[in-house]
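This report describes how a protein and DNA meet in one structure. Please look through the sequence and the model before reading on.

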Number of protein chains: 2
Amino acid sequence: MMQRWLTIGEASRRCGWSPRMLRYLEQEGLVVPGRSESGYRRYGIRELNQLNALAELRARFDVELAEVEFALRLRREPALSAAVETWLAGTSVPEAEQPAPAWVEWEQLKHERLLATPTAA
Amino acid sequence: MMQRWLTIGEASRRCGWSPRMLRYLEQEGLVVPGRSESGYRRYGIRELNQLNALAELRARFDVELAEVEFALRLRREPALSAAVETWLAGTSVPEAEQPAPAWVEWEQLKHERLLATPTAA
DNA sequence: TCAACCTTGACACGACTCTGATAGGGTTGG
DNA sequence: CCAACCCTATCAGAGTCGTGTCAAGGTTGA
């Protein structure tokens, strides 16, 4: 059976990332290859795909690694995802009122109360 | 009728962000208040809500502003959103095969071809 | 009028990100 | 055996982020 895994150097030559960056991407949890028995990183088709897609994101959309990591976090932390969704809900519609999440409504009430008080600190 | 708008200083005292940061948040497009005729920023309930939610995101989830901006971009740029989704698709399932987006499949084929070639640079 | 606000613009600083380079040492394969 | 690779760890440097502060000037309201 043919060899299915690339070493870091081979992968580097195939995808344009330097070996240094491949190690960095692993450290950041973005592209995490398996390891051989002796500890060598092993890159397969899956990892090459990820690396290509990542390079594409940076080149075409000027996306930072931290932002891709954030997308990962959003996928993994539903509570975070919900909180961000809640924040986004407050940004889109300037005038129209539409059903907001419950806690937004009471925050709103709180602020209406605050706005009614005489500016005293 | 009562005053419905706060100046930057008043808003600052209400939400915990410094005036400097309120200007920065506006510059980053995260919380953009309206303006009075003479150019003063006017913060209303909507903006106070956004500011609170933003502070919450930072305090509870240690989210950077750039990351929230990214969430905004995702909402506004469908192409970016699709690209990120594509990348995420390659990250989740280690062994199981499941229907991937079309271009991922041909990328995969391309790499399989590459893997079959004799490592020549 | 005048104090207390507001505006924009700029400089500055610590912390962090991204990336290369280098050092000391293990693995592999002909 | 030994060249060519891999590993971890560390330093370094340019760039960005988040934030404070200061300067020069306009607005507001008692």
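A polar contact is a pair of N or O atoms within 3.5 Å; within protein, one atom must be able to donate a hydrogen and the other to accept it, and residues adjacent in sequence count only if both atoms are side-chain atoms. One such pair joins a polar backbone atom of A:Gly9 to a phosphate oxygen of DNA strand D, at 2.5 Å.

The model is predicted, with local features needing pLDDT of at least 70 and side-chain atom pairs counting only at pLDDT 80 or more, while totals for chains, interfaces and linings use all residues. Residues are numbered from 1 along each chain as its sequence is written, chains are lettered from A and ligands numbered from 1 in the order in which they are written, and side-chain values use heavy atoms, with hydrogens and water left out.

**The two DNA strands**

A residue is near a strand if one of its heavy atoms lies within 4 Å of it. Around DNA strand D there are 18 residues, of which A:Gly9, A:Arg41, B:Ser18, B:Met21 and B:Tyr24 come nearest. DNA strand C is surrounded by 18 residues, the closest being A:Ser18, A:Met21, A:Arg58, B:Gly9 and B:Arg41.

Sugar or phosphate accounts for 69% of the atoms of DNA strand C within 4 Å of the protein, and bases for the rest. For DNA strand D, the sugar or phosphate share of such atoms is 71%.

The table lists polar contacts made by side chains.

| Residue | Partner atom | Distance |
|---|---|---|
| A:Ser18 | phosphate oxygen, DNA strand C | 2.7 Å |
| A:Ser38 | phosphate oxygen, DNA strand C | 3.1 Å |
| B:Arg35 | phosphate oxygen, DNA strand C | 3.1 Å |
| A:Arg41 | phosphate oxygen, DNA strand D | 2.7 Å |
| B:Tyr40 | base nitrogen, DNA strand D | 2.7 Å |

Helices (H or I, at least four residues) and strands (E, at least two) are DSSP runs numbered from the N terminus. On the surface near DNA strand C, α2(A) gives the largest share, three residues. Near DNA strand D the largest share, three residues, comes from α2(B). At least two residues of the surface near DNA strand D are supplied by each of α1 (8-15) of chain A and α2 and α4 (65-76) of chain B.

In the classes used here, Ala, Val, Leu, Ile, Met, Phe, Trp, Tyr, Cys and Pro are nonpolar, Asp, Glu, Lys and Arg are charged, and the others, Gly among them, are polar. The surface near DNA strand C holds seven nonpolar, five polar and six charged residues. Near DNA strand D there are seven nonpolar, five polar and six charged residues.

**Features within the protein**

A charge sits over a ring if NZ of Lys or CZ of Arg is within 6 Å of the ring centre and within 35 degrees of the ring normal. A:Arg42 lies over the face of A:Trp5, 4.9 Å from the ring centre, and B:Arg42 lies over the face of B:Trp5, at 4.9 Å.

A:Asp62, in the loop between α3 (45-61) and α4 of chain A, has a positive phi of about 55 degrees although it is not a glycine. B:Asp62 likewise has a positive phi of about 55 degrees and is found in the loop between α3 (45-61) and α4 of chain B. Relative accessible area under 20% means buried, over 50% exposed and in between partly exposed (1.4 Å probe, protein chains only). A:Asp62 is exposed at 63%, and B:Asp62 is exposed at 64%.
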